[in-house]
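This report walks through one protein chain, from its strands and helices to its surface. Keep the structure open while reading.

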Amino acid sequence: MGRTLQNTMINLGLQNACDEAVYQLGLDMEELEEIEEDAGLGNGGLGRLAACFLDSMATLGLAAYGYGIRYEYGIFNQKIRDGWQVEEADDWLRHGNPWEKARPEYMLPVHFYGRVEHSASGAKWIDTQVVLALPYDTPVPGYMNNTVNTMRLWSARAPNDFNLRDFNVGDYIQAVLDRNLAENISRVLYPNDNFFEGKELRLKQEYFVVAATLQDIIRRFKASKFGSTDSVRTVFDSFPDQVAIQLNDTHPAMAIPELMRIFVDIEKLPWDKAWDITKRTFAYTNHTVLPEALERWPVDLVEKLLPRHLQIIYEINQRHLDHIASLFPNDVDRLRRMSLIEEGDTKRINMAHLCIVGSHAVNGVAKIHSEIVKTQVFEDFAELEPEKFQNKTNGITPRRWLLLCNPGLAELIAEKIGEDYVRDLSQLTKLHKFVDDDLFIREVAKVKQENKVKFALYLEKEYKVKINPSSMFDVHVKRIHEYKRQLMNCLHIITMYNRIRRDPAKLFVPRTVIIGGKAAPGYHMAKMIIKLINAVAQVVNNDPVVGSKLKVIFLENYRVSLAEKVIPATDLSEQISTAGTEASGTGNMKFMLNGALTIGTMDGANVEMAEEAGEENLFIFGMRVEDVTDLDRKGYNAQLYYNRLPELKQAVDQIKSGFFSPNDPNLFNDVVNMLFHHDRFKVFADYEAYVKCQEKVSELYLNSKAWTKMVIRNIAAAGKFSSDRTIKEYARDIWHVEPSDLKIPAPNEPRDAGQDKTPNGTAA
């Protein structure tokens with residue numbers, strides 16, 4: 001979520017008033033804002049997307065709740081020591097959190113372990129261990145519409161009789177100390193992005209958020225006029241018309257068997273009725289196609305922790321496979337491919353398959369990704385129910401990612417086209433009229449230059465390096481992962497370095513290359529990549545021949561509040577994943593909206609950015625998805641490229657020989673060995689096209705006016721990438737609710753009968 005103060009002032013229309021008031025108290029608002037800790041309760045794009053979605057849902061007047069876990073420790077703080085990443089605990093609640101309100105009156109029990117007893121009256125899950133879920137509510141204000149939604153985060157608490165009720169030996173002190181075991185569930189965020197780690201505590205977290213949330217939703221449904229009761233039993237027929245639940249990846253997939261358990265075991269609905277309601281309630285968003293990221297929980301772990309849920313999953317699978325078998329008799333391989341249970345050394349539950357079978361809609365997050373989902377990853381399911389599969393291209397909130405982080409540019413745009421674009425970003429197309437306006441061109445360039453000077457001062461303060469603010473700011477910030485190919489950027493840096501050294505007198509367009517992002521603590525290769533970048537920076541930044549022509553900075557502890565500083569100052573945005581691996585990306589959109597040009601592959605939302613702005617207004621290079629597929633068929637041979645390209649060979653040899661690690665020449669052996677023998681992401685195959693494309697970037701940067709005109713064309717084409725547009729599509733195509741841009745009256749205004757905004761229909 002990042003910081004909340006400035007976002008709240010902007011959405012409430014109070015920023016100027018607060019700035020003025022604080023100034024009159026002899027304080028500086030920006031200094032105050034810097035004191036707030038980031039709420040870093042997610043890993044990367046997926047968590048930040050949820051935050052943007054909450055802002056858009058409130059701004060569109062949707063009755064929507066965001067549910068998650070109130071981690072005591074969020075994503076780790078990254079320190080760089082001697083070029084290595086070191087993790088520190090993110091004790092973000094140390095000074096308290098003024099934005100949250102604990103709601104003990106809505107505390108709910110969550111059950112684990114135990115066993116299942118079957119009788120004539122149905123299944124009973126008994127002898128369980130109970131953990132309490134305590135909700136904390138954070139307000140989510142819409143933009144200037146007097147709407148405030150809720151983000152509800154659950155915290156784990158031990159019940160007061162924990163370890164004191166049963167077979168107690170009288171060790172009271174130990175029993176109280178053991179309360180920590182239960183409360184550990186919400187202690188810490190697992191720091192993996194795009195990687196599945198099948199740990200018991202992680203499964204506990206996933207079920208914990210799901211069980212508490214579903215009880216909360218059902219409590220609210222029963223309290224509403226829709227949860228009518230026939231004698232004692234609630235009638236759930238209207239449930240899917242009143243409630244929509246969107247599964248943000250497979251992490252909350254246990255919601256499907258949990259809702260079935262509530263309906264069948266507790267509410268005593270017949271299976272078929274419960275299943276129909278469940279399917280119509282859930283929709284699933286897929287966020288990655290990397291096989292190592294797909295959740296596959298071992299059956300024996302689920303059996304131990306959630307025995308009733310395993311039985312329900314088996315029953316769902318049995319009926320699912322019976323259906324497939326009736327359509328495709330004797331096709332046993334299809335049954336194996338489509339089963340929710342994977343046989344093998346250890347039997348596993350494929351959570352994506354569970355989500356597809358248990359949902360009425362499945363979507364990818366960019367056109368190209370949704371195609372890959374349909375034609376490759378889940379092709380058997382798409383063949384069966386093509387109407388279930390959709391695309392919903394991701395977006396970003398223009399409130400945080402333009403108004404808040406780049407007020408200079410936001411104001412400049414408002415002078416030209418008015419202020420309405422903040423709620424309707426498609427209006428940015430009106431800027432096309434000004435692409436040849438010399439004054440506007442100069443003003444856009446001036447805002448960028450001011451942002452660069454401000455960020456250069458920040459860098460000099462934090463990193464003690466002198467930055468040339470007229471150099472091109474070439475920025476690559478995102479989680480560190482092989483598929484995102486920070487290594488390819490690194491090879492380009494080495495290539496630029498070698499060119500300067502080979503011919504110091506030759507014209508060279510000065511660059512400040514900024515790379516930042518966190519590596520999962522257990523991801524060895526990602527940590528080596530960080531060390532390599534820092535080792536290269538050490539050599540480049542201290543070579544007198546290079547001087548101020550090339551500087552390399554590894555940005556420590558990349559997070560939302562740092563993104564808000566670096567993105568407005570960026571000239572060139574690096575979006576260079578291997579085609580077919582980045583589901584969408586959202587950083588790409590933030591840079592586009594803030595006046596950076598993009599160098600990128602035809603991957604994720606880059607494809608649609610090129611479609612909107614015209615491919616000639618992005619620096620697109622490298623293999624397309626088809627080329628990658630062809631190369632896989634042929635067999636990728638890294639050695640070929642190394643032999644054919646002298647500059648690539650020189651750069652790799654320098655890494656190999658210890659040129660960047662003289663005290664330990666073998667330091668980067670693992671990296672070099674990976675690049676030659678098991679590089680799934682084919683860095684060498686795109687190296688030549690990347691370097692050539694970078695030459696075109698430098699050439700254009702020399703012509704400031706032509707560069708800025710291209711920037712304006714990009715900003716004018718960025719409107720599609722508002723999360724408001726994304727959420728309108730979810731509302732229309734999946735949730736079946738009407739967004740409202742009615743501004744409801746402020747609490748101190750009389751409520752006009754004509755403007756009564758009774759939410760009509762679903763809560764998402």
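Across the parallel pairing, tyrosine 284 faces valine 362 of strand β17. Everything here is read from a predicted model. Tyrosine 284 is a useful place to start, as the strands around it build a sheet.

**The four-stranded sheet**

Strands β13 (residues 282–285) and β17 (residues 361–364) run parallel and share 3 bridges. They belong to an open sheet of 4 strands. Its order is β12-β13-β17-β18, and the pairing is parallel. Which strands lie at the edges? They are β12 (245–248) and β18 (389–391), each paired on one side only. On average, neighbouring strands here are turned by 25 degrees against each other, direction ignored. Helix α15 (residues 367–377) packs on this sheet and touches β17 and β18. The direction of α15 makes about 165 degrees with that of β18.

**The six-stranded sheet**

Another open sheet has 6 strands, again with parallel pairing. Read across, the order is β21-β20-β19-β22-β23-β24. Strands β21 (550–555) and β24 (619–620) are the edges, and each pairs on one side only. Inside the sheet, β19 (residues 472–477) and β20 (residues 511–516) run parallel, joined by 6 bridges. Phenylalanine 473 stands opposite threonine 512 of β20. Which strands does helix α19 (residues 438–463) touch? It packs on the sheet against β19, β20 and β21. Helix α21 (residues 524–541) packs there too, touching β20 and β21.

The table sets out the helices that pack on the two sheets.

| Helix | Residues | Strands touched | Angle, with strand |
|---|---|---|---|
| α15 | 367–377 | β17, β18 | about 165 degrees, β18 |
| α19 | 438–463 | β19, β20, β21 | about 70 degrees, β21 |
| α21 | 524–541 | β20, β21 | about 145 degrees, β21 |

**A hairpin**

Antiparallel pairing appears as well. Strands β2 (residues 77–81) and β3 (residues 84–88) run antiparallel and are joined by 5 bridges. Lysine 79 has valine 86 of β3 as its bridge partner. The two strands form a hairpin with 2 residues between them. Aspartate 82 sits in that turn, with a positive phi of about 55 degrees. Strands of a sheet pair through backbone hydrogen bonds, in either sense.

**Two domains**

How is the chain divided? Domain 1 covers 37–391. Domain 2 is assembled from 407–412, 425–626 and 687–719. The C-alpha centres of the two domains lie 37 Å apart. At the contact between them, 32 residues of domain 1 meet 35 residues of domain 2.

**Charges and surface**

How many salt bridges does the structure hold? The count is 69. One pair to inspect is aspartate 333 with arginine 336, whose side chains meet in a salt bridge at 2.9 Å, N to O. Both residues lie in helix α13 (residues 332–338). They are 3 residues apart there, so about one helical turn separates them. Side chains of opposite charge can pair when their charged atoms come close.

The surface also carries a nonpolar patch made of Leu164, Tyr172, Ile173, Val176 and Leu177. Together these residues have about 470 Å² of accessible area. Leucine 177 lies in helix α5 (residues 172–177).

Notes: Residues are numbered from 1 along each chain as its sequence is written. This is a predicted model: local features need pLDDT of at least 70, side-chain atom pairs count only at pLDDT 80 or more; totals for chains, interfaces and linings use all residues. Side-chain values use heavy atoms; hydrogens and water are left out. Two strands pair if DSSP finds at least two bridges between them. Axes are lines fitted to C-alpha atoms, for helices over the stretch in contact, and angles run from 0 to 180 degrees between N-to-C directions. Contact means heavy atoms within 4.5 Å. Patches are made of residues with over 30% relative accessible area and no salt bridge: like charges are joined within 9 Å, nonpolar side chains (Val, Leu, Ile, Met, Phe, Trp, Tyr) within 5 Å. Accessible areas come from the Shrake-Rupley method with a 1.4 Å probe; for residues, only the protein chains shown count as cover. A salt bridge is a side-chain nitrogen of Lys or Arg within 4 Å of a carboxyl oxygen of Asp or Glu. Domain bounds come from an automatic or database domain assignment.
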